[in-house]
Amino acid sequence: MSNEQEVKALIEEQGKLVKSFRKEVVDKINTNEEKSKQFVNDKDANMQKRLDEIEEKINKSNRKVLEGASEDNNKEESKELKGLYDAYVKFGEKKIDRNDLERMKELATNEYQKRLNKAAGDPVVSYTDASGGHLVPEFMYQTILNNFQEIDPMRSEADVVSITSNKIEFHTGFDASAGWEAESFTYNSGTAPDAADPSFSRKELSCDVLAGQIRLSLEALEDIPNIGSYVTERLGTKMAYTESKAFIDGSGSGQPTGFNISTNRTLMAAQGNVVNAGGTETMASNTVFDYDEFFELQSTFKTGYQSNLKWYFNLDTLGKLRKVQDSQGNYLWAGALQGAAEAHPATISGRPYVVLPSLANLAADTYSVYCGDMKQAYKIIQRVGMSVKRLDEFQYPDVLFIARMRIGGDLVLPEALGYMKGAA
């Protein structure tokens, strides 16, 4: 090989070596750079995650502190309000400081606004004398509602809606039609039941004033501990019995409209939810129950209501049901009672029952047994809040307390409720 060729070969070899070296070095640098970037990114992500965790712990700790402070503040305000309310009940407006009265109004308003999540400046009720006195503390009001529910089964069975206005409108449905095109179903946009502007069925419920009163001597006011709670709860108990009867037999004039009045029974009968709907609409006997009639009434309801059906009657009717015997003298109720003893509620034709004390005893031409989905059928509305007024000038040395609540109720879905009428 000539010198020229040897030099050329060496140069080419050198070039290959340089190229190989550069590639190896560059690749190594790139690889290390990527690894470095990934390492930095991973460390940054882990550090950020840890910082986020620390920040969340700090925020959570702060929230607990704030919530604890808020809860402590709420407890202090409730305690203060109870003391002011007790003083009002015990001594009356004329014997307590005007600033204390204003403070009581402010605290009571704040409590109800929290309950309703309402904006400041939108009070639950006014506090003029015309409104009936002073709003009871919210925690007492909640206790009263709980007592109402224990005394008044309708509050547990019906749908109860709390409102801040004096009335509410319910939409109970609208008409529609359907059919098969192959059977000459007619499309008529002008006369179809749900044409252009659907015609909804509406039911407007308004609140009426339910009042209660209690008379106490000055000695009782001085001696009874927690006098505010005592007065309020006693008034609430009496009022609960009164409203319970109104939800069943109320005339609708200055009081709720009961589901047991003739107008509402007519609406139920129009849906076919009665025994012997096409005939006498009465039971065969007022003394000997025929369980076939219970199955008959139950079967009149649409499928959508079947899973929530319940029976409604009073204790007298329940007693008669328990006495029903078969041809061998065995009590048919025994099976149901055995189920109840095993923590399964007693049922009639497979559905549970509820005792409504205000329903009439089973007798001639009375409406003593109802069946249906009461949550769907009947609505109860209540204006939030209860006020108490102390009247010192009533009859010395006694003091009269008057409580006021606004409550309404009516049957809004007749197809969800039906009845059995006593034999003539």
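In the predicted model, Leu318 lies within helix α10, which spans residues 315-322. With a relative accessible area of 4%, Leu318 falls under the 20% limit and is therefore classed as buried. The C-alpha atom of Leu318 is separated by 9.6 Å from that of Val354, a residue 36 positions away along the chain.

Val354 belongs to the stretch assigned to strand β8, residues 351-355, and this strand takes part in an open sheet of five strands, ordered β7-β8-β6-β9-β12 and mixed in its pairing. The edges of the sheet are formed by β7 (347-348) and β12, each of which pairs on one side only. Helix α8, comprising residues 291-298, packs on this sheet and touches β6 (310-313), β7, β8, β9 and β12, while its direction makes about 155 degrees with that of β12. At the β7 edge, β7 and β8 run antiparallel and are joined by two bridges; Ile348 has Arg351 of β8 as its bridge partner.

A division between buried and exposed residues is found in helix α7, residues 262-270, where Asn264, Arg265 and Met268 are buried. These three residues lie on the same side of α7, because the arc that they cover around the axis is only 100 degrees. Such an arrangement can be related to the geometry of an α-helix, in which residues three or four places apart point the same way because there are 3.6 residues a turn. On the other side of α7, Thr263, Thr266 and Ala270 are exposed. The cover over the buried residues of α7 includes the strands β9 (367-372), β11 (398-411) and β12 (417-421). Just after the helix, Gly272 adopts a positive phi of about 85 degrees.

The largest nonpolar core contains 85 residues, of which Phe259, Phe294, Trp311, Tyr370, Tyr378, Met386 and Phe401 touch the most other members. Helix α6, residues 227-249, gives the most to this core, contributing seven residues. In soluble globular proteins, nonpolar side chains tend to be buried together.

Considered as a whole, the protein has twelve helices and twelve strands, and 38% of its 424 residues count as buried. Among the contacts with a separation of 6 or more, 76% are accounted for by residues 24 or more positions apart. The protein exposes about 24,500 Å², of which carbon and sulfur atoms supply 51%.

Key. Residues numbered from 1 in each chain as written. Predicted model: local features only at pLDDT ≥ 70, side-chain atom pairs only at ≥ 80, totals over all residues. Heavy atoms only, no water. Helix = DSSP H or I, 4+ residues; strand = E, 2+ residues; numbered from the N terminus. Buried < 20%, exposed > 50% of the residue type's maximum accessible area, 1.4 Å probe, protein only. Arc of directions from axis to C-beta. Contact = heavy atoms within 4.5 Å. Pairing = 2+ DSSP bridges. Axes fitted to C-alpha atoms, helices over the stretch in contact; angles between N-to-C directions. Core = buried A, V, L, I, M, F, W, Y, C linked by side-chain atoms within 4.5 Å. Areas by Shrake-Rupley, 256 points an atom, 1.4 Å probe, with all protein chains shown as cover.
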